[in-house]
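Dear colleague,

I am passing on the structure that we spoke about, and it is placed just below so that you can follow the notes with it open. Please read them alongside the model.

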Amino acid sequence: MNIVLFGAPGAGKGTQAKELIQKYEIPQISTGDILRAAIANKTPLGLEAKKLMDEGKLVSDDIVNGLVEARLQEDDCKKGFILDGFPRTVAQAEELDKILAKSDRKIEKVIALEVSDEEIIERITGRRVSKKTGKIYHIKYNPPVDENPEDLEQRADDNEETVKKRLAVYNEQTAPVLDFYKKQNKVYSVDGAKKLEEITKDIIDILEK
């Protein structure tokens with residue numbers, strides 16, 4: 001089961017990935033996690049990526065693709081994997097097809113979590129983190145019961161202006177990627193504004209068709 005989870009920042013990809021990991025015992029692969037691990041382990045690609053990041057430059061597609069290829073060759077991916085946040089561009093999607101073809105694999109289904117920009121802005125700008133416990137809350141959906149209000153803070157990049165910029169980048173870069181997979185008849189849309197367990201059920205129904 002080789003799947004891609006799509007959705008804007010704050011659409012709930014991470015939450016749904018955790019449910020799928022438990023059910024299917026396949027890993028969630030996020031480029032951020034792979035990058036951090038490669039840098040921590042000082043792999044050749046990790047060192048190259050760190051140099052670029054230290055210079056304030058974007059990590060190139062070649063490096064990201066190389067990291068993903070190495071990760072997909074690990075034993076825990078034999079039964080399948082959940083890609084989260086990758087591919088972000090059509091060039092990455094094309095390269096991913098080539099990488100998988102080498103081991104006679106392919107992306108089977110692309111799950112797109114559909115959430116309106118307004119809903120995402122409300123979700124992200126309402127997040128609060130406790131300085132004492134590190135727990136994450138939401139002023140509307142998950143308000144803290146036993147925390148002092150003065151211990152809660154909003155992350156610097158959880159403000160409306162930053163969220164709108166991130167959404168604009170996502171919509172510009174990612175719409176073409178979904179079109180790429182639609183041409184392969186692999187995209188399945190899920191209403192990401194439903195309750196968590198309903199979304200999980202919808203995704204599982206799609207995966208088990």
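Phenylalanine 86 is buried in this predicted model, because its relative accessible area is 1%, where anything under 20% counts as buried. The residue sits in the loop that runs between β3 (81–84) and α5 (90–102). When its neighbours within four places in sequence are left aside, phenylalanine 86 is in contact with Val4, Thr31, Val64, Asn65, Val68, Gln92 and Leu96.

Proline 87 lies in the loop between β3 and α5, and this residue is likewise buried, with a relative accessible area of 1%. With its neighbours within four places in sequence again left aside, the contacts of proline 87 are Val4, Phe6, Gln92, Ala93, Leu96, Val177 and Tyr181.

Both residues appear in a UniProt annotation, from an unreviewed entry, that carries the label "binding site" and covers Thr31, Arg36, Lys57, Leu58, Val59, Gly85, Phe86, Pro87, Arg88, Gln92, Arg155 and Arg166. These annotated positions are spread over 136 residues of sequence, and they are spread in space as well, with up to 30.0 Å between C-alpha atoms.

You may also want to look at the helices α4 and α5. Helix α4 (residues 61–72) packs with α5 at an angle of about 30 degrees, the two axes being 10 Å apart, and the crossing of this pair is right-handed. On the α4 side the residues that take part are Asp61, Val64, Asn65, Val68, Glu69 and Leu72, and they meet Ala91, Gln92, Glu95, Leu96, Ile99, Leu100 and Lys102 of α5. By type, the residues of this contact divide into 7 nonpolar, 2 polar and 4 charged.

As for the protein as a whole, its secondary structure comes to 8 helices and 8 strands. The radius of gyration is 18 Å, which is close to the 17 Å that the globule rule gives for 209 residues, so the protein is as compact as a globular protein of that length. Taken along the principal axes, the C-alpha atoms fill a box of roughly 55 × 45 × 30 Å. Of the 209 residues, 41% count as buried, and among contacts between residues at least 6 apart in sequence, 69% join residues that are at least 24 apart.

With best wishes

Definitions and conventions:
Residues are numbered from 1 along each chain as its sequence is written. This is a predicted model: local features need pLDDT of at least 70, side-chain atom pairs count only at pLDDT 80 or more; totals for chains, interfaces and linings use all residues. Side-chain values use heavy atoms; hydrogens and water are left out. UniProt positions are given in the numbering used here, feature names are shortened, and annotations may be inferred rather than shown by experiment. Helices (H or I, at least four residues) and strands (E, at least two) are DSSP runs, numbered from the N terminus. Buried means under 20% relative accessible area, exposed over 50%, partly exposed in between (1.4 Å probe, protein chains only). Contact means heavy atoms within 4.5 Å. Axes are lines fitted to C-alpha atoms, for helices over the stretch in contact, and angles run from 0 to 180 degrees between N-to-C directions. A crossing is left-handed if the near helix is turned anticlockwise from the far one by less than a right angle, and right-handed if clockwise. Ala, Val, Leu, Ile, Met, Phe, Trp, Tyr, Cys and Pro count as nonpolar, Asp, Glu, Lys and Arg as charged, and the others, Gly among them, as polar. The radius of gyration is taken over C-alpha atoms; the globule rule is 2.2 Å times the number of residues to the power 0.38.
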